[in-house]
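This report covers a ligand site and the space around it. Look at the structure below before reading on.

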Amino acid sequence: MSQPVVGIVLGSESDRSAMEEAARTLSGFGVPFDVIVASAHRSPDLVDHYARSAEERGLRVLIAAAGGAAHLAGALAARTVLPVIGVPLEATGLGGLDALLATVQMPPGVPVATVSIGGWGARNAAILALEMLAISDPALRERLREFKAGMARKVETASGFNAEVTR
Ligand code: RP5
């Protein structure tokens with residue numbers, strides 16, 4: 001098993017199903033990752049240890065998913081210079097808006113790259129992590145290019161419009 005380069009941190013075990021798409025996407029590209037549950041509020045020492053040791057353990061990008069008062073991504077970003085991607089999840093009656101605002105509104109100097117709420121965000125977090133890794137990995141960059149071309153082909157096929165003629 002190769003060394004994980006992406007770390008996925010879930011604020012709770014109850015977040016696991018919402019983040020399955022992130023794991024599936026990274027697996028599809030053959031990029032090794034690890035997944036842990038660590039809560040910014042309930043297990044702050046674990047979050048602290050995970051973030052501070054992430055770089056030396058070989059991780060290159062962190063993805064943090066949490067709902068409600070979602071401080072997890074920010075708590076990680078406070079403790080590492082690795083890029084942190086935040087996925088706001090729907091966990092309360094506020095539909096994920098609470099987590100979105102808590103995740104995205106970071107103070108200057110401590111950015112969290114915040115993606116959409118829930119499943120869309122889970123998938124986009126993985127793709128964004130792949131794009132970050134691809135900066136120094138031309139082979140991965142080519143696979144991402146093919147992935148995007150594949151999406152375009154699907155839309156073009158569904159539209160019935162021959163986009164080739166417009167290029
Ligand atoms: C957040 O509170 C977690 O990320 C989760 O989305 C939500 C509810 O957690 P549980 O009470 O189900 O553990 O911290």
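## Where the ligand sits

The model is predicted. Its ligand occupies the largest pocket. That pocket has a volume of about 260 Å³. Its lining comprises 16 residues, and the closest to the pocket centre are Gly11, Ser12, Arg42, Ala66 and Gly67.

By class, six lining residues of the largest pocket are nonpolar, eight are polar and two are charged.

## The shell around the ligand

Which residues surround the ligand? They are Gly11, Ser12, Ser14, Asp15, Arg42, Ala66, Gly67 and Ala91. Sorted by class, this shell holds two nonpolar, four polar and two charged residues. Ala66 and Ala91 are nonpolar, whereas Asp15 and Arg42 are charged.

Some names recur. Gly11, Ser12, Arg42, Ala66 and Gly67 belong to the ligand shell, and these residues are also the lining residues closest to the centre of the largest pocket.

## Polar contacts

Two side chains and one backbone reach oxygen atoms of the ligand. In Ser12, an N or O atom of the side chain is 2.6 Å from a ligand oxygen. For Asp15, a polar side-chain atom lies 2.6 Å from an oxygen atom of the ligand. Gly67 uses its backbone: a polar atom there is 3.1 Å from a ligand oxygen.

How much of the ligand's area does the protein bury? Taken alone, the ligand exposes 370 Å², and the protein buries 68% of that.

How values were computed: Residues numbered from 1 in each chain as written. Predicted model: local features only at pLDDT ≥ 70, side-chain atom pairs only at ≥ 80, totals over all residues. Heavy atoms only, no water. Near = heavy atom within 4 Å. Polar contact = N/O pair within 3.5 Å; in protein donor to acceptor, adjacent residues only side chain to side chain. Areas by Shrake-Rupley, 256 points an atom, 1.4 Å probe, with all protein chains shown as cover. 1 Å grid on protein atoms, 1.4 Å probe; cavity = no way out; pocket = protein on both sides within 12 Å on 5 of 7 lines; lining within 4 Å. Sits in = over half its atoms within 2 Å of the grid points. Points joined across faces, edges and corners; volume = space filled by probe spheres on them.
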